[in-house]
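Subject: Structure handover and what turned up in it

Hi,

Here is the structure I promised to pass on. Could you open it next to this email and follow along?

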Amino acid sequence: MKGIEDSGEWQWMPGAIKKLGDGEVALIKALLLTGSRSDQDVLAYFTWPTRSINHREIAQIRTGVKHRQIQPASPEALKAFLSAWPEVEQGTGLSFDADQLLVKARDEMVAAVQTFNSAGLNFRAELFIVTSVIAWTCLMHPSLKKRWC
C-alpha cells in the first residue's frame, strides 16, 4: 500500500503488505486527532480481506506506545485521503467500486422479488427466474475472475 507521497496525495491501493507504513501511521494519528472516530472506525480504513491489522495497533498509536516519532498527517493530506477513499454504502458497508458486482447482484435480486410480487403481470415466475439468474451470475463473476484471470 502506498502512503502519503511527496505531493501530499494518498492512493487507496490494497495489497499484501501487512505492516502499517509511516504515511499510514501519520494518517491514523490525524484521524484520531479529529476526535470523531473510534479506534475501530479508524482501523476500517486500513484493513481489507487480504490485509488484517489488529485493533491493538490503533490503540498503541493513539496512546503513543508505538510510532511516537511520527507526526500526524497535515489537514490537507487527511482531506486528500478521505476524498480518495471509496464511497461506501451506509447500510451495508459495501464499496460502490470494489463491491460493484455484489451491489448489482443484490439490486437484481430485489428487482426479481418485486417483479414476482407485482400484480397484473402474466409471466411473473418467468421474469423472476430470468432476473434471479442474472443476480446469481453477478455473484459468481468475482469468484470466476479470481480463479481464471
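Below is what was found, from the overall fold down to single residues.

Before the details, a word on how to read them. This is a predicted model, in which local features need pLDDT of at least 70, side-chain atom pairs count only at pLDDT 80 or more, and totals for chains, interfaces and linings use all residues. Residues are numbered from 1 along each chain as its sequence is written, and side-chain values use heavy atoms, with hydrogens and water left out.

**The overall picture**

The protein chain has 6 helices and 0 strands, so read from the N terminus its elements are simply α-α-α-α-α-α. Helices here are DSSP runs of H or I with at least four residues, strands are runs of E with at least two, and both are numbered from the N terminus. Of the 149 residues in the protein chain, 29% are buried. Buried means under 20% relative accessible area, exposed means over 50%, and partly exposed is in between, with a 1.4 Å probe and protein chains only.

The protein chain exposes about 9900 Å², and carbon and sulfur atoms supply 57% of that area. Accessible areas come from the Shrake-Rupley method with a 1.4 Å probe; for residues, only the protein chains shown count as cover. As for contacts (heavy atoms within 4.5 Å), 53% of those between residues at least 6 apart in sequence join residues at least 24 apart.

**The nonpolar core**

In soluble globular proteins, nonpolar side chains tend to be buried together. The largest nonpolar core in this model has 21 residues, and those with the most contacts inside it are Leu20, Ile28, Leu31, Val42, Phe46 and Phe81. Two or more residues of this core come from each of α1 (22–34), α2 (39–44), α3 (55–63) and α4 (75–84). The largest share, 7 residues, is supplied by α1. A nonpolar core means a set of buried Ala, Val, Leu, Ile, Met, Phe, Trp, Tyr and Cys residues joined through side-chain atoms within 4.5 Å.

Ile28 is a good place to start looking: not counting residues up to four places away in sequence, Ile28 touches Leu20, Val42, Phe46, Ile58 and Ile61. From there you can move to Ile58, which lies in helix α3. Ile58 is buried because its relative accessible area is 0%. Beyond its neighbours within four places in sequence, Ile58 is in contact with Ile28, Leu32, Asp39, Val42 and Leu43. Ile58 and Gln40 are 18 residues apart along the chain, and their C-alpha atoms are separated by 8.1 Å.

**Charged pairs, and a look at Gln60**

Side chains of opposite charge can pair when their charged atoms come close. The structure holds 4 salt bridges, each being a side-chain nitrogen of Lys or Arg within 4 Å of a carboxyl oxygen of Asp or Glu. Which residues are linked in a network of salt bridges? They are Arg56, Glu57 and Lys66. Arg56 meets Glu57 at 3.7 Å, N to O, while the closest N and O atoms of Lys66 and Glu57 are 3.1 Å apart. Glu57 is buried, with a relative accessible area of 16%. Arg56 is partly exposed at 41%, and Lys66 is partly exposed at 30%.

Lys66 also comes up with Gln60, which sits in helix α3. Leaving aside neighbours within four places in sequence, Gln60 is in contact with Val65 and Lys66. Gln60 counts as buried, because its relative accessibility is 18%.

**Helix α5 and a surface patch**

α5 has 18 residues and reaches 26 Å from its first C-alpha to its last, close to the 26 Å expected at 1.5 Å a residue; that expected span is 1.5 Å times one less than the number of residues. The buried residues of α5 are Val103, Ala105 and Ala112, and what covers them includes α6 (124–148).

Another salt bridge joins Asp107 and Arg106 at 3.3 Å, N to O. Asp107 is partly exposed at 41% relative accessibility, and Arg106 is partly exposed at 29%.

Leu102 is found in α5 (residues 100–117) and counts as partly exposed at 37% relative accessibility. Together, Leu102, Trp136 and Leu139 make a nonpolar surface patch of about 300 Å². Patches are made of residues with over 30% relative accessible area and no salt bridge, where like charges are joined within 9 Å and nonpolar side chains (Val, Leu, Ile, Met, Phe, Trp, Tyr) within 5 Å.

Happy browsing!
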